[in-house]
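The exercises below concern the overall form and the interior of one protein chain. Please study the sequence and the model before reading each solution.

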Amino acid sequence: MIYKLSPVSKEDGNFTCAWFDDDEYLWHDPRIGMPGSLLSDWDVPELRIYSKSGSTSVLFNPGAYAVSELVKEKINYIPGVEFLPIYLQGEGVYYLLHVTTCIELPKGTDHRLAAGPSGNISNIYSFPRGCSVPSGFFRILHPSNSAAGKAGFYTAETYLSGDESRVVEVACEGYLKLESVQSS
């Protein structure tokens, strides 16, 4: 089964996991949207939590998820991801989940491309039953002839497959959920 990893929302529409960002609410490292390891070139950014109730074991930012040391320890054996340290003011070190494995869109995947000249994948609704995907964390490359694909970027959604999927959901303590995205 293939699952999409998503933040859990509260009844008021906010996410249950705390928001992390920089002082201008503009933190974004475009390399996070590309496959391959970043550890050797990574400079630890200093960021902060934007939540009156403080940090949570999983943090959210539109560009990335970050996890506590405890969550990292529970899932660090799962393939397809590396943990990039970030420093959070008043909280210490957390780790970005940087997906290093990516694949081309499997044939038969129910998806939509963005209108206009970009040609990027805008939505993936479901993967075909029996399609071949790697075990663990992965993302989908934008088409090579699209704007993002020409630059080597993959889609923002993080996918999981294999027996490790439920381990991730439990380790993330209800802050992230798994949504099935495979045709039955």
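**Exercise 1.** Compare the radius of gyration of the chain with that of a compact globule.

*Solution.* For 184 residues, the globule rule gives a radius of gyration near 16 Å, and the chain has 16 Å, so the two agree; the radius is taken over C-alpha atoms, and the rule is 2.2 Å times the number of residues to the power 0.38. Along the principal axes, the C-alpha atoms fill a box of roughly 45 × 35 × 35 Å. This is a predicted model, in which local features need pLDDT of at least 70 and side-chain atom pairs count only at pLDDT 80 or more, while totals for chains, interfaces and linings use all residues. Residues are numbered from 1 along each chain as its sequence is written, and side-chain values use heavy atoms, with hydrogens and water left out.

**Exercise 2.** Determine which residues have the most contacts inside the largest nonpolar core, and which strand gives the most to this core.

*Solution.* A nonpolar core is a set of buried (under 20% relative accessible area, 1.4 Å probe, protein chains only) Ala, Val, Leu, Ile, Met, Phe, Trp, Tyr and Cys residues joined through side-chain atoms within 4.5 Å. The largest has 23 residues, and those with the most contacts inside it are Leu5, Val67, Ile75, Phe83, Leu97, Phe137 and Val168. Strand 7 gives the most to this core, with three residues; strands here are DSSP runs of E, at least two residues long, numbered from the N terminus. Apart from this core lies another, of 16 residues, among them Leu38, Trp42, Ala66 and Leu88.

Definitions and conventions. Buried means under 20% relative accessible area, exposed over 50%, partly exposed in between (1.4 Å probe, protein chains only). Helices (H or I, at least four residues) and strands (E, at least two) are DSSP runs, numbered from the N terminus.
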